[in-house]
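Visitor: I should like to be guided through this protein chain, one question at a time. Please begin once the sequence and structure are shown.

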Amino acid sequence: MLSRILNKSIIKQLSKSYFSSTTQSKQSPGAGSADPKVGKVCQVLGNIVDVKFEGPRPRIRNALTIKEGEKSVTLEVRQHIGDSKVRAIAIDSTDGLLLGQTVKDTGHYLDVQLGSGLEGNILNFRAESLV
């Protein structure tokens, strides 16, 4: 009987910690903050881009942007490397990226808002019309 009570209390504690961690992971920290994380490109290998941040790193799956004039490159964080670097996959072409370019963390995941206004349109993964 005592083992059942202990097992139930352990299961409750584990489930509380699991559900609190999953709800926290869905909300990316930094979302809506006034000071977005800023980093610099430190390596480009094809569509893989390593970015070094001075402060805390963005979370895995966060979207990063690099803007150079009218060109904008979107990245998604896939791996933390060391203390201050992240490895990201470029969603766009990396042609013309330079070492030291400024990278900004958007503070949220890549997502596409859907609605009745988009029905019948052909979109790419960034919700830009292809036609």
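The questions and answers below go from the overall fold to single residues.

Guide: This is a predicted model, in which local features need pLDDT of at least 70 and side-chain atom pairs count only at pLDDT 80 or more, while totals for chains, interfaces and linings use all residues. Residues are numbered from 1 along each chain as its sequence is written, and side-chain values use heavy atoms, with hydrogens and water left out.

Visitor: Which pattern does the chain follow when read along the sequence?
Guide: Helices (H or I, at least four residues) and strands (E, at least two) are DSSP runs, numbered from the N terminus. The chain has one helix and six strands. Read along the sequence, the pattern is α-β-β-β-β-β-β.

Visitor: In which order do the strands of the closed barrel run?
Guide: Two strands pair if DSSP finds at least two bridges between them. Strands of a sheet pair through backbone hydrogen bonds, either parallel or antiparallel. In this closed barrel of six strands the pairing is antiparallel, and the order is β1-β2-β5-β4-β3-β6.

Visitor: By what angle are neighbouring strands of this sheet turned against each other on average?
Guide: Axes are lines fitted to C-alpha atoms, for helices over the stretch in contact, and angles run from 0 to 180 degrees between N-to-C directions. For the neighbouring strands of this sheet, direction is ignored, and the average is 45°.

Visitor: How many bridges pair β3 with β4?
Guide: The two strands form a hairpin with two residues between them, where G69 takes a positive phi near 65°. Among the bridge partners, K67 is matched with S72 in β4, and I66 with V73 in β4. The pairing of β3 and β4 is antiparallel, and the number of bridges is six.

Visitor: Which residue of β6 is the bridge partner of N62?
Guide: Strand β6 covers residues 102–109 and runs antiparallel to β3, with three bridges joining them. The partner of N62 in β6 is Y109.

Visitor: Which residues touch the most other members of the largest nonpolar core?
Guide: A nonpolar core is a set of buried Ala, Val, Leu, Ile, Met, Phe, Trp, Tyr and Cys residues joined through side-chain atoms within 4.5 Å. The largest one here has 14 residues, and the elements giving two or more residues to this core are β2 (48–53), β3 (62–68), β4 (71–81) and β5 (85–90). The members that touch the most others are V51, L64, I66, L75 and V103.

Visitor: With which residues is V103 in contact, leaving aside its neighbours within four places in sequence?
Guide: Contact means heavy atoms within 4.5 Å. Several of the partners of V103 have appeared already, including V51, L64, I66 and L75. The full list is K37, V38, G39, K40, V41, V51, F53, L64, T65, I66 and L75.

Visitor: Does D50 count as buried or exposed?
Guide: Buried means under 20% relative accessible area, exposed over 50%, and partly exposed in between (1.4 Å probe, protein chains only). D50 lies in strand β2. Because its relative accessibility is 4%, D50 counts as buried.

Visitor: Which residue forms a salt bridge with D50?
Guide: A salt bridge is a side-chain nitrogen of Lys or Arg within 4 Å of a carboxyl oxygen of Asp or Glu. In this pair the closest N and O atoms are 2.8 Å apart, and the partner of D50 is R87. R87 lies in strand β5 and D50 in strand β2, so the pair ties together parts that are 37 residues apart in sequence. At 29% relative accessibility, the residue that counts as partly exposed is R87.

Visitor: How many salt bridges does a search of the whole structure find?
Guide: Besides the pair of R87 and D50, E76 forms a salt bridge with R78, their closest N and O atoms being 3.8 Å apart. E76 counts as buried at 18% relative accessibility, whereas R78 counts as partly exposed at 41%. The search finds two.

Visitor: What distance separates the C-alpha atoms of A90 and N47?
Guide: A90 lies in strand β5 and counts as buried because its relative accessibility is 7%. Not counting residues up to four places away in sequence, A90 touches N47, V73, T74 and L75. A90 and N47 are 43 residues apart along the chain, yet the separation of their C-alpha atoms is 5.1 Å.
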